[in-house]
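Me: I am new to this structure and would like a close look at one part of it. Please take the charged pairs along the helices, and then place them among their surroundings.

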Amino acid sequence: VEAPEKIEKIGSEISSLTLEEARILVDYLQDKFGVSPLSLAPAAAAVAAPADGGAAAVVEEQTEFDVIINEVPSSSRIAVIKAVRALTSLALKEAKELIEG
């Protein structure tokens, strides 16, 4: 996709963030703009509603995601393990094995 240089630069900087930095960025932007994922739900429902006034389409929310971790730098390993544990119900040993595997 073609994008202006400014957008490409921002995208490049975001893609180089660690998981912890990305989480902080999300929290910062939510606070700065006063939004949250829940505040966007009514807008998403309005977009999904049919224009002809018929029955609303049922939109299932995705609750499972496939995450591929290609490489974990040794300096970020502990932060990544903590993030994996925060997002899953894995114990420390299982999260470590997942990251190293």
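Reply: What follows starts with the salt bridges and then moves out to the parts around them.

Keep in mind that this is a predicted model. The count of salt bridges comes to 3. In general, side chains of opposite charge can pair when their charged atoms come close.

Start with helix α2, which covers residues 19-33. This helix has 15 residues. From its first C-alpha to its last, α2 reaches 21 Å. That is close to the 21 Å expected at 1.5 Å a residue.

Two of the bridges lie here. The side chains of Glu20 and Arg23 meet in one, at 2.6 Å from N to O. Both residues sit in α2, 3 residues apart, or about one turn of the helix. Arg23 also forms a salt bridge with Asp27. There the closest N and O atoms are 2.9 Å apart. Asp27 and Arg23 are 4 residues apart in α2, so about one helical turn separates them.

Why does such spacing matter? An α-helix has 3.6 residues a turn, so residues three or four places apart point the same way.

Put together, Glu20, Arg23 and Asp27 are linked in a network of salt bridges. Arg23 takes part in both pairings, one with Glu20 and one with Asp27.

Are these three residues buried or exposed? Glu20 is partly exposed, with a relative accessible area of 37%. Arg23 is partly exposed too, at 43%. Asp27 counts as partly exposed at 37%. The cut-offs explain the label: each value falls between the 20% limit for buried and the 50% limit for exposed, so the term is partly exposed.

Now look to either side of α2. Before this helix comes α1, residues 5-15. Leu17 lies in the loop between α1 and α2. Leu17 is partly exposed, with a relative accessible area of 30%. Leu17 joins Ile7, Ile10 and Ile14 in a nonpolar patch on the surface. Together these four residues have about 320 Å² of accessible area. Just after α2 comes Gly34, which takes a positive phi of about 65°.

Next, move along the chain to α5. Here the side chains of Glu100 and Lys96 meet in a salt bridge, at 3.5 Å from N to O. Both residues lie in α5, 4 residues apart, about one turn of the helix. Glu100 counts as partly exposed at 46% relative accessibility. Lys96 counts as partly exposed at 40%.

Lys96 also leads to Ile81. Leaving aside neighbours within four places in sequence, Ile81 is in contact with Leu92, Ala95, Lys96 and Ile99. Ile81 belongs to the largest nonpolar core, which has 6 residues in all. Its other members are Val72, Val80, Val84, Ala95 and Ile99. Helices α4 (77-87) and α5 (92-100) each supply at least two residues of this core. The largest share, 3 residues, comes from α4.

One last residue gives a contrast to that core. Asn70 is in the loop between α3 (37-48) and α4. Asn70 is exposed, with a relative accessible area of 75%. Asn70 and Ile99 are 29 residues apart along the chain, and 9.4 Å separates their C-alpha atoms.

Note on methods:
Residues numbered from 1 in each chain as written. Predicted model: local features only at pLDDT ≥ 70, side-chain atom pairs only at ≥ 80, totals over all residues. Heavy atoms only, no water. Patch = residues over 30% accessible without salt bridge, like charges linked within 9 Å, V, L, I, M, F, W, Y side chains within 5 Å. Areas by Shrake-Rupley, 256 points an atom, 1.4 Å probe, with all protein chains shown as cover. Buried < 20%, exposed > 50% of the residue type's maximum accessible area, 1.4 Å probe, protein only. Expected span 1.5 Å × (residues − 1). Core = buried A, V, L, I, M, F, W, Y, C linked by side-chain atoms within 4.5 Å. Contact = heavy atoms within 4.5 Å.
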